[in-house]
2 protein chains.
Amino acid sequence: MAKMFDKATVLAPGLLGASLGMAIKSREVADIVSIWARRPETRVKCEKQSWVDRVFDTPEAAVADADIVLVCPLVEAIYPLIKQCVSSLRSGALVTDVGSAKSLVCRHADAVMPEGTDFVGSHPMAGSEKSGLENASADLFEYRTCLVTPLLDSNPKAVETVVRFWTELGMEVATLSPEDHDEIVAYISHLPHLVATALSTLLSSKNPRWRNFAGNGLRDTTRIAAGDTKMWKAIIAQNRDEILRALTAFEREVGEIKSAISNQDYFEVLNYLERGKHYRQRMRPDRDELGQGIVPFPRLANPES
Amino acid sequence: MAKMFDKATVLAPGLLGASLGMAIKSREVADIVSIWARRPETRVKCEKQSWVDRVFDTPEAAVADADIVLVCPLVEAIYPLIKQCVSSLRSGALVTDVGSAKSLVCRHADAVMPEGTDFVGSHPMAGSEKSGLENASADLFEYRTCLVTPLLDSNPKAVETVVRFWTELGMEVATLSPEDHDEIVAYISHLPHLVATALSTLLSSKNPRWRNFAGNGLRDTTRIAAGDTKMWKAIIAQNRDEILRALTAFEREVGEIKSAISNQDYFEVLNYLERGKHYRQRMRPDRDELGQGIVPFPRLANPES
């Protein structure tokens with residue numbers, strides 16, 4: 001069977017980019033995987049990776065004959081990198097990214113794409129508190145969700161190709177507008193990160209040895225606070241307004257449970273705990289809880305329906 | 001080798017109590033494990049459990065010839081249950097519990113213990129968002145922390161026996177006062193639970209389908225919100241003052257990160273993220289990350305040193 005693409009190029013292979021390259025290779029989605037990395041030491045490392053066919057020392061050269069370009073640096077660097085190399089794209093090339101905030105990138109990138117090329121934003125909801133090429137793996141995307149964020153006037157064929165691309169990597173794909181995306185991920189991803197960080201930071205201001213006593217509760221609740229700080233700073237800067245709204249809503253929730261406890265209104269406390277439990281229990285299981293894919297992956301519902 | 005105890009009695013075998021009975025049996029810490037459960041249906045279930053030697057229909061009968069009594073109901077029911085059966089204890093009997101709040105229980109229980117018997121409070125930091133006998137397991141306590149909370153005038157021999165008991169079950173034990181315990185767990189256990197709950201409750205008030213998009217970040221951060229709500233209500237009521245202090249401190253942290261984002265002070269945002277990451281990275285690994293005990297269990301430092 002013919003592969004979906006002849007040539008795929010990954011720009012800035014960190015955890016996500018390198019995992020993408022590995023997945024493309026192992027799932028035979030493209031014949032040739034090329035990369036460009038800003039740092040020479042990363043390029044040297046990449047030359048030894050079995051999933052890398054070609055290493056380029058400029059992004060312009062790396063994208064020149066690619067069918068699909070995957071732009072994977074920190075979110076603040078995505079648009080500048082696209083702008084830098086759009087004029088080197090061949091006609092028919094498709095560009096997507098993996099950024100966690102979409103509105104700014106999608107609007108800006110769309111505006112600079114040359115005739116005959118397309119940009120469609122993507123946000124594969126896969127990652128880890130670990131970062132970098134060293135922690136990459138070919139199965140990072142399997143059974144995870146990918147949000148694809150076309151604009152109203154995006155080329156429908158290009159959107160479909162991007163959806164098919166992520167599906168080929170084993171992801172469950174949903175499309176939504178960049179603005180809806182940014183609101184939703186502010187709540188389901190960026191807010192949890194800040195909450196985990198606030199909890200860690202608070203505990204670091206108490207006796208740090210207390211952490212030795214912690215059970216799995218604290219461990220799980222704070223796990224993502226160990227994530228890449230520069231990456232998160234960039235995400236926060238790009239999605240600032242939605243994140244501030246989510247933080248304000250969260251402060252209100254904490255204030256409510258605190259009032260109930262303060263008032264010794266244990267009926268309300270129980271009610272509050274029940275609402276939280278009810279929500280959490282209906283979250284679909286992690287892929288690791290799915291018995292290695294034996295249990296069918298629960299279907300995504302459209303978020304806005 | 002002689003077992004540590006002839007007879008151990010578990011009162012109210014839920015997740016913790018039943019796991020205790022299993023662990024006592026499988027690690028040969030006592031010859032005979034007796035149980036009492038409030039519900040007849042639980043007593044009937046217990047008769048079929050391989051780790052149960054005797055089932056009693058009153059707590060008084062269950063404790064009558066026990067060397068060690070393990071009191072395992074919801075924290076609000078611990079002291080009433082102890083009070084109910086102290087006069088049935090044999091001389092030399094040792095009583096401990098598994099409650100998550102210690103000050104009230106330890107003071108009250110100590111006051112009613114008959115001459116020649118001892119109560120020493122315990123809090124094994126093991127558990128799960130799952131509850132009940134059905135989810136019990138003999139290895140629940142292995143490589144976990146147990147906090148033992150003697151009073152200043154507790155019998156040193158009894159304290160040592162309780163410490164040895166939990167050590168025999170594979171736990172790392174630290175002793176501290178009930179008051180220090182309650183402050184510390186407010187921060188490392190009760191606050192994380194409320195934070196996870198607030199996050200879940202907030203998301204349940206948005207479009208609940210958003211949860212289908214969530215990655216592991218939200219899943220981990222909210223996991224404990226699925227815990228037993230009645231148990232948590234009881235814990236909150238027993239440790240209310242310390243929990244309110246911890247919530248206030250947490251609100252201040254969230255306010256700080258929000259200000260930094262609002263002011264676009266990304267230097268401060270990065271600094272804040274770094275502090276959270278630094279703390280989290282130094283948390284000792286979970287037993288599951290220890291390679292099944294191959295990596296040595298990191299030593300507990302004394303929390304107050």
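What share of the contacts in chain A with a separation of 6 or more comes from residues 24 or more positions apart? The legends below start there.

**Figure 1. Chain A as a whole, in a predicted model.** Residues 24 or more positions apart supply 74% of those contacts, a contact being heavy atoms within 4.5 Å. Chain A carries 11 helices and 9 strands; these are DSSP runs numbered from the N terminus, with helices being H or I of at least four residues and strands being E of at least two. Its radius of gyration is 21 Å, close to the 19 Å from the globule rule for 305 residues, so chain A is as compact as a globular protein of that length. That radius is taken over C-alpha atoms, and the rule is 2.2 Å times the number of residues to the power 0.38. Along the principal axes, the C-alpha trace spans about 65 × 45 × 40 Å.

Some housekeeping: residues are numbered from 1 along each chain as its sequence is written, while chains are lettered from A and ligands numbered from 1 in the order in which they are written. Since this is a prediction, local features need pLDDT of at least 70, side-chain atom pairs count only at pLDDT 80 or more, and totals for chains, interfaces and linings use all residues; side-chain values use heavy atoms, leaving out hydrogens and water.

**Figure 2. Cys85(A) in helix 4 of chain A.** The helix covers residues 75-85. With a relative accessible area of 4%, Cys85(A) is buried (under 20%; exposed is over 50%, partly exposed in between; 1.4 Å probe, protein chains only). Leaving out residues up to four places away in sequence, Cys85(A) touches Leu11(A), Pro59(A), Glu60(A) and Val63(A). Ala64(A) sits 21 residues away along the chain, and its C-alpha atom is 8.6 Å from that of Cys85(A).

**Figure 3. Cys106(A), a cysteine in no disulfide.** A disulfide is a covalent bond between the sulfur atoms of two cysteines. Here the test is a pair of cysteine sulfur atoms within 2.5 Å, and the structure holds 0 of them over all chains. For Cys106(A), the nearest cysteine sulfur belongs to Cys146(A), 12 Å away. Cys106(A) is buried too, at 2% relative accessible area.

**Figure 4. Over in chain B: Cys72(B) and Cys146(B).** Which cysteine has the sulfur closest to that of Cys72(B)? Cys146(B) does, at 11 Å, which is too far for a bond. Cys72(B) counts as buried, with 9% relative accessibility.
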